Amino acid sequence: MYKKLLLLPALLCAALTLSAQAPNTEVKAAAGETHAIHQGSYTPSFAVDGSHRRVRNVILLIGDGMGVGAVNAAMYANGGELTMTKLRTVGFVRTQSADNFTTDSAASGTAYATGQKTNNGYLGMNPAKEVIPNIPEILAPLGYACGVLSTDDLNGATPAAFFAHQPARGMKDEIWADLPGSSLLFASAGTQATFEGLPFATQEEIRRRYTVVYDPDDDDANDSERLLYLPKTVTLDRGDYLPATTEMAIEYLSERSRKGFFLMVEGARIDKCEHANDFPGAVSETLDFDKAIEAAVRFAERDGHTLVIISADHETGATILSKAEPGTGYARGIFASKGHTPMMVPLFAYGPRSREFAGTQENSDVARKILQILTGKKYLENK
Ligand SMILES: [Zn+2]
């Protein structure tokens, strides 16, 4: 009894010290489990993978929050296979932003879109708040057709980094207002309701520049010069929106490019599930993202001149796979955080020149390499 009384204040003190030091985004360990339905995967031929053939098209797929933990969890829950883990070029990406060791999606999205690191929250601007050009703005004048699609709203940080220039990611109306002046021929993301909630003048400006459709099979979509496809929903009840719209975007951009195309596809909701420490959600969102990857890799296989790059803007949740039974789809995971972490994220690549993405690189290096491969010119020196 005497010893216990002495121990109690000591324990309380230790607990208080720990909670005082820990940022409020950290949780001790939140666990969850899932029973995934096996969806298979696709293995390409690797005939031109890693070759020095000319690259006409680049498809960059960004899994928001998709760290090694999310990839492991989805892979083992899916019988040990994913299309992305079947690819032979693998690397790592460091994600730190200009002003923060742990990035947000705006700074990392900007690094992927422009080849330059910036401060958290900034979109298409450097730390001095100067506008910096994004990949579509550099490639469109050269004859490339460019597009983005996401399971976030179009003003979400990752898609916005590829067309907007704003000092704060929360400036929703201003971000949408940047769309009509952008270099995108194709955009699809959330949602009809988001669009209709914009100031009327912004909607009008967008309609002047883009054919806006709510249905992918709308006849106006085929005849359009520039297309904005707004689904009803981008949340879990969206069906096969992400893989199907990836196919749609590839077809749309292929038909409208003289030189080739650049497409960014974001699986946005892996991050959102990890913030909520929702393990089954993180697994199913990563599996859905892998279906979009499959669509891109299948096209690359048919085309032979397409480079596919898959990575993430940052890790979220300190997501850990703790147990799995690949034969049954059972997987159990633990989250050690409710926020972003500074850990490196995996990168997978397929197609000609894919080997240039092997090894460890900065998120900004990925954009520089894409631009160098497509334009043949060195874009910005590595800092
Ligand atoms: Zn996040």
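**Strand 14 and the packing of helices 11 and 13**

Six of the six residues of strand 14 (residues 345-350) are buried, so this strand is largely enclosed by the rest of the structure. The model is a predicted one, and this briefing considers the surroundings of strand 14 before turning to the contact of helix 11 with helix 13.

**Strand 14 and its partners**

- Both faces of strand 14 are covered, with Val-345, Leu-347 and Ala-349 buried on one side, and Pro-346, Phe-348 and Tyr-350 buried on the other.
- Strand 3 (residues 89-94) pairs with strand 14 in the antiparallel sense through five bridges, and within this pairing Phe-348 of strand 14 is the bridge partner of Val-90.
- Strand 9 (residues 306-311) also pairs with strand 14 in the antiparallel sense, here over three bridges, and Tyr-350 in strand 14 stands opposite Val-308.

**Helix 11 against helix 13**

- The axes of helix 11 (residues 241-255) and helix 13 (residues 279-303) come within 8 Å of each other and cross at roughly 25°; because angles under 35 degrees count as roughly parallel, helix 11 is described as roughly parallel to helix 13.
- The crossing in which helix 11 passes helix 13 is right-handed.
- On the helix 11 side, the contact is made by Leu-242, Pro-243, Thr-246, Glu-247 and Ile-250, which meet Asp-288, Phe-289, Lys-291, Ala-292, Glu-294, Ala-295, Ala-296 and Phe-299 in helix 13.
- By residue character, the contact of helix 11 with helix 13 comprises eight nonpolar residues, one polar residue and four charged residues.

Notes: Residues numbered from 1 in each chain as written. Predicted model: local features only at pLDDT ≥ 70, side-chain atom pairs only at ≥ 80, totals over all residues. Axes fitted to C-alpha atoms, helices over the stretch in contact; angles between N-to-C directions. Helix = DSSP H or I, 4+ residues; strand = E, 2+ residues; numbered from the N terminus. Parallel < 35°, antiparallel > 145°, perpendicular 65-115°, else oblique. Left-handed = near helix turned anticlockwise from the far one by under 90°. Contact = placed C-beta atoms within 7 Å. Nonpolar A, V, L, I, M, F, W, Y, C, P; charged D, E, K, R; others polar. Buried ≥ 20, exposed ≤ 12 C-beta atoms within 10 Å, placed from the backbone. Pairing = 2+ DSSP bridges.
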